[in-house]
Amino acid sequence: MNDLAKRLDALTPEQRRRLGAGLRARRAEGPATESGPPEIPERLRRSLYFFASTDHADAAAYYTFVLRAAAAADAAGAHAVWLPERHFVDFGGFSPNPAVLAAAVAATTRNLRIRAGSVAAPLHHAARIAEDWAVVDGLSGGRAGISFASGWHPDDFVLAREDYAGRRTTTARTIEEVRALWRGAALPFVSTAGTTTEVATRPRPVQAELPVWLTATGTPQTFLDAARAGYGVMTALLGQTLPALRENIARYRQAWQDAGHPGTGDVVVMAHAFVSDRPGLEDHLRPAMHAYLRSFRNQTAGTDEEVLLESAYLDFLTGPSLLGTPAKARAVLAELAAAGADEVGCLIDFGLPAADVLEALPALLHITAPALETTA
């Protein structure tokens, strides 16, 4: 009997009833993949997204994996790679400064756009962000871009010069300062020595304008703020349902139009991804996803927690993620395109062995290839 079976065997009758009812409901609904292969619009870009926990690999092996995955995505014609910022905890802890890892990817790829997903703006001086990412832009020949966030946790603000309570206002100001510095403007900044200095950053970037997104967890106001400012949006289904995502994107497009910006803006949606038709895929994914969700929740699992982890895992497996067969992934990509997404950031580093992820990567990157156009 495996570990999960032992834990399930230890559940109380009420816990079994609750979990069993949830499983039956999910499997009765099933993923929207049974009506044949849907069409995925060509405009829906495919990218890789990284946000691993440091508790499942050592640093050297992980960075090798990122570079190999990025190289494969580059060769396959994927659009971008998204790299996180996270501090002081295991979850995301491989990338405390995304510009450092981005520089390595920039030096080893040719066409892949290299994005921060995300820079926590209140934790940094605008000049520092502009200079770091100008290096990435130079190394990549003009492929850098940044999604900005207002910060993930109060503990991160030991790095900040301004109060946590004002983080959204600080983020909005910092973004505009970074954009101005990127264009070559000199801005006045006050030092802790009591001086005010006109600062122009170096080195100069390749791109005249920095591509910018605002990271949104699902709060409608963030979508509206991004649209009014003329930024793209980087979001995910972790904090919102697919119908809520559709509504948020519609709000974003309308606010973009109302603000008078050209075009329609840009929406990137992160989704967990592992595409394979191997037998026993559900069991293969389960340990990694349980560990990932436990790390994400930052909790120690007991019996009750295992019930919640299994329930959350099945939500991912049967819901709008790219975990599953090529047919299921095609259907979810079509759903995300119908919801209004412009790009899907495929989160691939949730705890599976690197060799497994790299072996399965072609199926994900070439999901619309004729060889994979089969019915479910």
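## Notes on the model: salt bridges, rings and core

1. Let's begin with a charged pair: Arg 183 and Glu 209 join side chains in a salt bridge, at 2.7 Å from N to O. (The cut-off for a salt bridge is a side-chain nitrogen of Lys or Arg within 4 Å of a carboxyl oxygen of Asp or Glu.) This pair links distant parts of the chain, with Arg 183 in helix 6 and Glu 209 in the loop between strand 6 and strand 7, 26 residues apart. Arg 183 is partly exposed at 42% relative accessible area, and Glu 209 is partly exposed at 40%. (Buried means under 20% relative accessible area, exposed over 50%, and partly exposed in between, with a 1.4 Å probe and protein chains only.)

2. A word on the source: this is a predicted model, in which local features need pLDDT of at least 70 and side-chain atom pairs count only at pLDDT 80 or more, while totals for chains, interfaces and linings use all residues. Residues are numbered from 1 along each chain as its sequence is written, and side-chain values use heavy atoms, with hydrogens and water left out. As for the elements, helices (H or I, at least four residues) and strands (E, at least two) are DSSP runs, numbered from the N terminus.

3. Back to the charges. The whole structure has 13 salt bridges. One of them joins the side chains of Glu 162 and Arg 173, at 2.3 Å from N to O. Here Glu 162 sits in the loop between strand 4 and helix 6 and Arg 173 in helix 6, eleven residues apart. Glu 162 is partly exposed, at 36% relative accessibility, and Arg 173 is partly exposed too, at 35%.

4. Which residue forms a salt bridge with Asp 342? The partner is Arg 253, and the closest N and O atoms are 2.8 Å apart. Asp 342 lies in the loop between helix 11 (326–339) and strand 11, and Arg 253 in helix 8 (residues 242–258), so this pair ties together parts that are 89 residues apart in sequence. Asp 342 is buried, with a relative accessible area of 12%. Elsewhere, Glu 282, Asp 283, Arg 286 and Glu 310 form one network through salt bridges that share partners.

5. On to the rings: there are nine aromatic pairs. (Rings of Phe, Tyr and Trp, the last by its six-membered ring, pair if their centres lie within 6.5 Å; planes under 30 degrees apart count as stacked, over 60 as edge-to-face and the rest as tilted.) Trp 82 and Trp 213 have ring centres 5.2 Å apart and planes at 80°, so they pair edge-to-face. Trp 82 belongs to strand 2 (residues 80–83) and Trp 213 to strand 7 (residues 212–215), so the pair ties together parts 131 residues apart in sequence. Trp 82 is buried, at 0% relative accessible area, and Trp 213 is buried at 6%.

6. Tyr 292 and Phe 350 have ring centres 6.5 Å apart and planes at 80°, so this pair is edge-to-face. Tyr 292 is in helix 9 (residues 281–297), and Phe 350 is in the loop between strand 11 (343–347) and helix 12 (354–365), 58 residues apart. Tyr 292 is buried at 6% relative accessible area, as is Phe 350 at 2%.

7. Phe 50 deserves a look. Ring pairs join Phe 50, Tyr 62, Tyr 63, Phe 65 and Phe 94 into a cluster. Outside its neighbours within four places in sequence, Phe 50 has contacts (heavy atoms within 4.5 Å) that include Val 81, Trp 82, Leu 83 and Ile 348.

8. Then the core. (A nonpolar core is a set of buried Ala, Val, Leu, Ile, Met, Phe, Trp, Tyr and Cys residues joined through side-chain atoms within 4.5 Å.) The largest has 110 residues, and those touching the most other members are Leu 48, Phe 50, Trp 133, Leu 322, Ile 348 and Phe 350. Strand 9 (residues 267–275) gives the most to this core, with eight residues.

9. Finally, helix 5. The buried residues of helix 5 include Ile 129, Trp 133 and Val 136. Among the elements covering the buried residues are helix 4 (98–108), strand 3 (113–120) and helix 6 (167–183). Just after helix 5 comes Gly 141, with a positive phi near 75°.
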